[in-house]
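Before reading on, please take a moment to look over the chain that is shown below, and keep it in view as you work through the questions.

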Amino acid sequence: MSSALETLRRDFGGDIIEPGATEYASASRSILASGSPAYVLRPKSVGDVQAGVRFAAGAGLVLSVRGGGHGFPGFGTNDDGVVIDLSKLANVEIIDKKRHHVRIGGGATWGQVAAVLAPNGLAISSGDTKGVGVGGLTLTGGIGWKVRKYGLALDNVVAAEVVTANGEVVHASAAENPELFWAIRGGGGNFGIVTAFEFAAHPTTDVFYGKIAFPASAAATVLQGWADYLRTAPEELTSVASFANPFAGGPEAPVEIHVAFDGDDPDLAAQAIDPIRRLGTVIDYDIARKPYADTLVDGATPPPGIHLVTRSAFADKESVPEVLQILAEVGASEGSPFIAVRSVGGAVSRVPHDATAYAHRQAELMFVTTIAGPQPVVEAAGPALETIWARLAPHVNGVYANFLASATEDDVAAIYPTQTYKRLAAVKRQYDPGNLFARNHNIRPR
């Protein structure tokens, strides 16, 4: 260890934060999890990342990689290991104005990306929160406010710079190391640390964004009508339905249909949004034209002691009615989790199923249940939550890794169907045979 540490101090040009340092309390935790790592490394260069990887591997220490730090399972920290915090590798640069190609550091957040792209009339469909890291979201999906028109965030990646488990820098694209390029688009952080992404952005205008609210009692009718309409709606329209919000009345909380219309023509926006208004009695309507960058919100950091349990799944066309009926019934009951349902389809479904390691191309909807509270409250809610998911199980498939608080073998099997997993395991064997990058929904190098 002493030799490895001496080498690290010699080769590492960033910050090395150890227990007792002033910054340690904040550096040791991620947004949703606390930890007590032996070392938090904040690299300032790709060479620093290489040095950090070699140190962790050589010292035999658990390694966590932190981008934005919003991961629900708490992968961005650990106990007694090494955390490589990429936050200083956050440069965002337009490198090809004609093709709208953008190089983004692996530690950048989507708020930082939007701040650079917006003045240039460009955007990348990402998530919906400014502080979420580009890396974590992209490597496993990216269902954002333009997903039906431009696909997942990972569908817009054209190249990546990756530091692998042996500390080497590898470039991945359709032409260079294509199997690694396939794997990082959906396979998470299993294969190395992405220190930079190259994205193809798209020109953007303002968008029409906001919400339409209906009474809780109309949930079943509104949700089904909403899903039916999204099947034929213009792909410029992306939408999320949320209900049973415990901070707005729980089972009495309004059903809120959030919409983003990708365009600045008010007539076209009205034509796309009005069918949703007609689904029931509107009790609140707040939709306005705004810059796309302003659709990204500030994410909340839970107070100390508050835990989040998030679980997700996909629904294909034939199972949508059953899934929405169950969710509406659950949302009307006391103690319901907070429920959100996101529209997918469109551009996502037009990508061949084996073009990337993201395996759920034919889903119409992705839905999420979330419970929050102190540990005793979360544990007490567990049995009821299991009952809900037992009802849903016959009608759903897969898991969206970005909304999943656990990391069991069953979770990994749900994220990656058998053939996808086998192909990922082969890539893992090539680039990380010792499974150094195990703090993730782990693909084992079998």
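The questions and answers that follow go from the whole chain to single residues.

Q: What kind of model is this, and how many helices and strands are there in the chain?
A: The model is a predicted one, and the values discussed here are therefore computed from a prediction. Counted along the chain, the secondary structure comes to 13 helices and 18 strands.

Q: Which radius of gyration does the chain have, next to that of a compact globule?
A: The C-alpha trace spans about 70 × 55 × 45 Å along its principal axes. For 446 residues, a compact globule would be expected to have a radius of gyration near 22 Å, and the chain agrees with this expectation, because its own value is 22 Å.

Q: What percentage of the residues in the chain is buried?
A: The chain exposes about 18100 Å², and carbon and sulfur atoms supply 52% of that area. A residue is called buried when its relative accessible area is under 20%. Of the 446 residues in the chain, the part that is buried comes to 54%.

Q: Among contacts between residues at least 6 apart in sequence, what percentage joins residues at least 24 apart?
A: Here the contacts considered are those in the chain whose two residues lie at least 6 apart in sequence. Within that set, the part joining residues at least 24 apart is 73%.

Q: Are helices α1 and α3 roughly parallel or roughly antiparallel to each other?
A: Two packed helices are described by the angle between their axes and by the distance between those axes. For α1, residues 2-11, and α3, residues 46-59, the angle is about 175° and the axes are 9 Å apart. An angle over 145 degrees counts as roughly antiparallel. The two helices α1 and α3 are therefore roughly antiparallel.

Q: How do the residues of the contact of α1 with α3 divide into nonpolar, polar and charged?
A: From α1 the contact takes in Ala4, Leu5, Leu8 and Asp11, which meet Asp48, Ala51, Gly52, Phe55 and Ala59 in α3. Sorted by type, the residues of this contact are six nonpolar, one polar and two charged.

Q: Is Ala59 buried or partly exposed?
A: Ala59 lies in helix α3, and its C-alpha atom is separated by 14 Å from that of Ile84, 25 residues apart along the chain. Because its relative accessible area is 22%, Ala59 is partly exposed.

Q: Is Thr356 buried or exposed?
A: Thr356 is placed in the loop between β17 (338-343) and β18 (365-374). Not counting residues up to four places away in sequence, Thr356 touches Leu154, Asp155, Trp182, Arg185 and Arg361. Its relative accessibility is 4%, so Thr356 counts as buried.

Q: What is the relative accessibility of Ser239 in strand β13?
A: Ser239 lies in strand β13, which covers residues 237-243. Leaving aside neighbours within four places in sequence, Ser239 is in contact with several residues, among them Trp145, Trp226, Leu230, Ile257 and Val341. Ser239 counts as buried because its relative accessibility is 0%.

Q: What is the phi of Asp80?
A: Most residues other than glycine have a negative phi. Asp80, which lies in the loop between β3 (63-66) and β4 (82-85), is exposed, with a relative accessible area of 56%. Although Asp80 is a residue other than glycine, its phi is positive, near 70°.

Q: What is the phi of Asn177?
A: Asn177 lies in the loop between β9 (169-173) and α7 (178-184). Asn177 is partly exposed, with a relative accessible area of 30%. Asn177 is not a glycine, yet it has a positive phi of about 50°.

Q: Which residues are in contact with Arg444, leaving aside its neighbours within four places in sequence?
A: Arg444 has its place in the segment after α13 (418-431), and it is partly exposed, with a relative accessible area of 40%. The C-alpha atoms of Arg444 and Phe214, 230 residues apart along the chain, are separated by 46 Å. Once the neighbours within four places in sequence are left aside, the residues in contact with Arg444 are Glu409, Tyr421, Ala425 and Lys428.

Note on methods. Residues numbered from 1 in each chain as written. Predicted model: local features only at pLDDT ≥ 70, side-chain atom pairs only at ≥ 80, totals over all residues. Heavy atoms only, no water. Axes fitted to C-alpha atoms, helices over the stretch in contact; angles between N-to-C directions. Helix = DSSP H or I, 4+ residues; strand = E, 2+ residues; numbered from the N terminus. Parallel < 35°, antiparallel > 145°, perpendicular 65-115°, else oblique. Contact = heavy atoms within 4.5 Å. Nonpolar A, V, L, I, M, F, W, Y, C, P; charged D, E, K, R; others polar. Rg over C-alpha atoms; globule rule 2.2 N^0.38 Å. Buried < 20%, exposed > 50% of the residue type's maximum accessible area, 1.4 Å probe, protein only. Areas by Shrake-Rupley, 256 points an atom, 1.4 Å probe, with all protein chains shown as cover.
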